[in-house]
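Please look over the sequence and the structure shown here before reading the report. The sections below it take up the fold, the interior and several individual residues.

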Amino acid sequence: MSPITHFFTGWLVASATTVPLTRREKILVVAAAIAPDLDGLGLVPELLTRNSAHPLLWFSLYHHSLHTLAFALICTLAAFFIDRNAASRNHPTSVRPWLTAGLVFISFHLHLLCDLLGARGPEGYQWPIPYLSPFSSAIELTWHGQWALNGWQNFLFTGLLLFITFWLAWRNGSSPIELVSPSANQVFIHALRQRFLPKRTN
């Protein structure tokens, strides 16, 4: 699925907990939903060098190389220590780092699930998910019914995520905009509620 879809998936994970997360914690959870696609950055040098004598096939060779359990654990541990260091300054006995780490692990794996469902290339190729790489090639995840990356199913799924995101923003006063600017988030929430809040009747 597209990075936009993964972004909103991560945001909904960060918004689903009954314990309100801090802005930093939400950033960590959302980042985990996007992190596996860091291996897709190889597409840029590959496109730039495709007509050269020595093309860099970094995307063709390494795409999905970070879609692994090992990288998921690295992201989870990083989130735990980042949140623990921040929490220890204010709440020495806080269990929030464990919550953040758990949500990061879930967010990362939802990325893998989304790719398993809908990331088939235009030529019909499915990028297998080498889940146990680099330690083992015993598990390479694919699904025979995988949707095309530009299939209607992905557009519908992304639209549903957007709808839920707007609804949660209206209800809870928190939108993805707060990841960049809390003040801009408040302006957006105010405008959203002014537009969709039912008028009171006397």
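What follows describes a predicted model, beginning with the overall fold and ending with single positions.

## Overall fold

The protein chain of this predicted model holds 8 helices and 0 strands, and from the N terminus on its elements run α-α-α-α-α-α-α-α. Of the 202 residues in the protein chain, 39% are buried. When contacts with a separation of 6 or more are considered, 66% of them join residues that stand 24 or more positions apart.

## Nonpolar cores

The largest nonpolar core is made up of 17 residues, and those with the most contacts inside it are Val29, Cys75, Val104 and Phe108. Two or more residues of this core come from each of α1, α2 (23-34), α5 (69-88) and α6 (96-118). Apart from this core lies another, of 7 residues, which includes Leu12, Val30, Leu161 and Leu179.

Phenylalanine 108, one of the residues with the most contacts inside the largest core, can be followed through its partners: leaving aside neighbours within four places in sequence, phenylalanine 108 is in contact with Ala32, Pro36, Leu66, Thr68, Phe71, Ala72 and Cys75. Cys75 thus appears among the contacts of phenylalanine 108 and is itself listed with the residues that have the most contacts inside the core.

## Cysteines

Cysteine 75 counts as buried because its relative accessibility, 14%, falls under the 20% limit. Cysteine 114 is buried as well, with a relative accessible area of 5%. A disulfide is a covalent bond between the sulfur atoms of two cysteines. With a pair of cysteine sulfur atoms required to lie within 2.5 Å, the count for this model comes to 0 disulfides.

## The second largest pocket

The second largest pocket encloses about 200 Å³ of space. Its lining consists of 13 residues, of which Ala14, Ser15, Thr17, Lys26 and Asn172 are the closest to its centre. By residue type, this lining divides into 7 nonpolar, 4 polar and 2 charged.

Helices α1 (3-16) and α7 each supply at least two residues of the lining of this pocket, and α1 gives the most, with 4 residues.

## Leucine 21 and glutamate 25

Leucine 21 has its place in the loop between α1 and α2, and because its relative accessibility is 9%, under the 20% limit, leucine 21 counts as buried. Not counting residues up to four places away in sequence, leucine 21 touches Ala14, Lys26, Val29, Arg96, Leu99 and Leu103. One of these partners, leucine 99, is 78 residues from leucine 21 in sequence, while the two C-alpha atoms are 9.4 Å apart in space. Ala14 and Lys26, which leucine 21 touches, are also among the residues closest to the centre of the second largest pocket.

Glutamate 25 lies in helix α2 and, at 2% relative accessibility, counts as buried. Its contacts, with neighbours within four places in sequence left aside, are Asp83, Arg96 and Thr100. Arg96 is therefore a contact of glutamate 25, and Arg96 is also touched by leucine 21.

## Phenylalanine 157 and the N-terminal residues

Phenylalanine 157 is placed in helix α7 (residues 152-172). Is phenylalanine 157 buried, exposed or partly exposed? Phenylalanine 157 counts as partly exposed because its relative accessibility of 26% lies between the limits of 20% and 50%.

Beyond its neighbours within four places in sequence, phenylalanine 157 is in contact with Met1, Thr5, Thr9 and Cys114. The C-alpha atoms of phenylalanine 157 and threonine 5 are 8.1 Å apart in space, although the two residues are 152 residues apart in sequence.

## The loop between α6 and α7

Two positions in the loop between α6 and α7 deserve a look. Proline 134 is found in this loop, and the peptide bond leading to proline 134 from serine 133 is cis, with omega near 5°.

Tryptophan 147 is found in the loop between α6 and α7 as well. Without counting residues up to four places away in sequence, tryptophan 147 touches Met1, Leu117, Gly118, Ala119, Arg120, Gln153 and Asn154. Met1 is thus a residue that tryptophan 147 touches and a contact of phenylalanine 157. Tryptophan 147 and glutamine 126 are separated by 21 residues in sequence and by 9.5 Å in space, C-alpha to C-alpha.

Conventions: Residues are numbered from 1 along each chain as its sequence is written. This is a predicted model: local features need pLDDT of at least 70, side-chain atom pairs count only at pLDDT 80 or more; totals for chains, interfaces and linings use all residues. Side-chain values use heavy atoms; hydrogens and water are left out. Buried means under 20% relative accessible area, exposed over 50%, partly exposed in between (1.4 Å probe, protein chains only). Contact means heavy atoms within 4.5 Å. On a 1 Å grid over the protein atoms alone, a cavity is a set of points where a 1.4 Å probe fits but cannot get out, and a pocket is an open set with protein on both sides within 12 Å along at least five of seven lines; lining residues have an atom within 4 Å of a point. Grid points are joined across faces, edges and corners, and a volume is the space filled by probe spheres set on the points. Ala, Val, Leu, Ile, Met, Phe, Trp, Tyr, Cys and Pro count as nonpolar, Asp, Glu, Lys and Arg as charged, and the others, Gly among them, as polar. A nonpolar core is a set of buried Ala, Val, Leu, Ile, Met, Phe, Trp, Tyr and Cys residues joined through side-chain atoms within 4.5 Å.
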